[in-house]
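Welcome, and please load the model in your viewer. We will go from one selection to the next, pausing at each to see what is there.

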Amino acid sequence: MEHAENMAMGAANWLKRLWPLLLLAAVTTLVVAMGWHRYLTLEQLAANRESLRALMDDHYVLALTAFTALYAVTVALSIPGGVVLTVAAGFLFGWFLGGVLSVVGATIGATAVFLVARSALRDVLVEKAGPKLQRFADGFREDATSYLLFLRLIPVFPFWLVNLAPGLLGVSFWTYVLTTFVGIIPGTFAFALAGNGLDSVFDAQQASYESCLAKAGEGGHDSCEFGIDPGALLTTDVIVAVVALGVVALIPVVAKKLSRRTV
């Protein structure tokens with residue numbers, strides 16, 4: 001009887017710890033199963049731009065709030081589409097306000113993932129981690145600001161992984177929030193700025209698509225595509241500048257390691 005009670009108590013504790021993670025997983029599964037993530041494309045933005053602008057004109061404050069919430073939820077659920085949302089923000093709200101909304105929404109969503117990972121999984125990882133992993137975690141925390149700024153500035157790893165890992169490695173809450181907020185600013189504003197001039201891109205692509213349909217005839221819908229690559233909106237100069245900022249973020253780490261060797 002006592003054993004059964006202990007098992008029930010243990011299961012209850014696990015459920016209490018894991019329910020936020022299970023909730024995120026369930027909602028993500030629902031979104032993907034319903035196909036709602038397929039609406040996060042530039043093609044959908046181009047097709048619905050007039051209705052979205054009309055909605056903004058009628059309910060501007062609500063539009064700002066809804067967009068920020070949508071961005072936060074998208075990031076929290078680790079659904080691809082952050083780049084498209086950032087471009088859409090620049091297109092709909094202007095590059096500055098769109099960039100601000102995107103940074104705030106992304107930071108809120110990323111912080112939610114961090115808190116879920118820290119509360120649900122970190123204790124288990126600490127219990128199971130070997131000495132090598134523990135040393136890695138200690139080293140990461142020691143220079144967490146530089147490492148996280150680098151990872152935010154240069155997306156060498158998926159955004160969802162960089163949201164998750166610091167919570168498991170014991171990075172402090174405010175270090176995570178501040179490095180996330182600051183680190184995503186350059187790339188976010190670059191895409192928001194690209195979105196600010198998207199009308200001409202949409203018009204040119206629409207004209208090209210309609211021309212293709214006219215030439216192709218009845219089978220045109222199969223051979224003609226209306227597609228825009230978000231990555232193509234960034235210039236080489238912007239990419240080089242963002243990479244340079246990422247390298248600068250690692251200078252304190254390199255300097256510290258070199259100073260230790262010379263001592």
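## First stop: a threonine and its partners

Select Thr175 and show what surrounds it: leaving aside its neighbours within four places in sequence, Thr175 is in contact with Ala144 and Thr145. Thr175 sits in helix H10, which covers residues 173–183. Now draw a distance between the C-alpha atoms of Thr175 and Ala144; your viewer should give 7.5 Å, although 31 residues separate the two along the chain.

## Colour by confidence

Keep in mind that this is a predicted model, and colour the chain by pLDDT. The average for the protein chain is 78, and 68% of the residues score at least 70. Which element has the highest mean pLDDT, and which the lowest? Select residues 60–76 for the highest, helix H3 with a mean of 95, and then residues 251–262 for the lowest, helix H15 with a mean of 56.

## Annotated spans

Next, select residues 21–40, 60–85, 92–117, 144–161, 173–194 and 238–255, which the unreviewed UniProt entry annotates as "transmembrane region". Two of these spans deserve a visit of their own. Residues 21–40 are 70% helix and 0% strand, and their end C-alpha atoms are 24 Å apart. Residues 173–194 are 95% helix and 0% strand, with 32 Å between the end C-alpha atoms.

## Helices H8 and H9

Show residues 144–153 (H8) and 159–169 (H9) as cartoons. Their axes lie 10 Å apart, and the helices pack at an angle of about 165 degrees, which means that H8 is roughly antiparallel to H9. The crossing of H8 past H9 is left-handed. To see the contact, turn on side chains for Leu148, Leu151 and Arg152 on H8, together with Phe159, Val162, Asn163 and Pro166 on H9. Coloured by class, the residues of this H8–H9 contact come out as five nonpolar, one polar and one charged.

## Helices H4 and H5

For the last stop, select residues 82–93 (H4) and 95–120 (H5). At what angle do the two cross? Their axes cross at roughly 140 degrees and come within 7 Å, and the crossing is right-handed. H4 brings Leu85, Thr86, Ala89, Gly90 and Phe93 to the contact, and H5 brings Trp95, Leu97, Gly98, Leu101 and Ser102. By class, the contact of H4 with H5 has six nonpolar residues, four polar and no charged.

Methods
Residues numbered from 1 in each chain as written. Predicted model: local features only at pLDDT ≥ 70, side-chain atom pairs only at ≥ 80, totals over all residues. Heavy atoms only, no water. Axes fitted to C-alpha atoms, helices over the stretch in contact; angles between N-to-C directions. Helix = DSSP H or I, 4+ residues; strand = E, 2+ residues; numbered from the N terminus. Parallel < 35°, antiparallel > 145°, perpendicular 65-115°, else oblique. Left-handed = near helix turned anticlockwise from the far one by under 90°. Contact = heavy atoms within 4.5 Å. Nonpolar A, V, L, I, M, F, W, Y, C, P; charged D, E, K, R; others polar. pLDDT = per-residue confidence, 0-100. UniProt positions renumbered as here; feature names shortened; annotations may be inferred.
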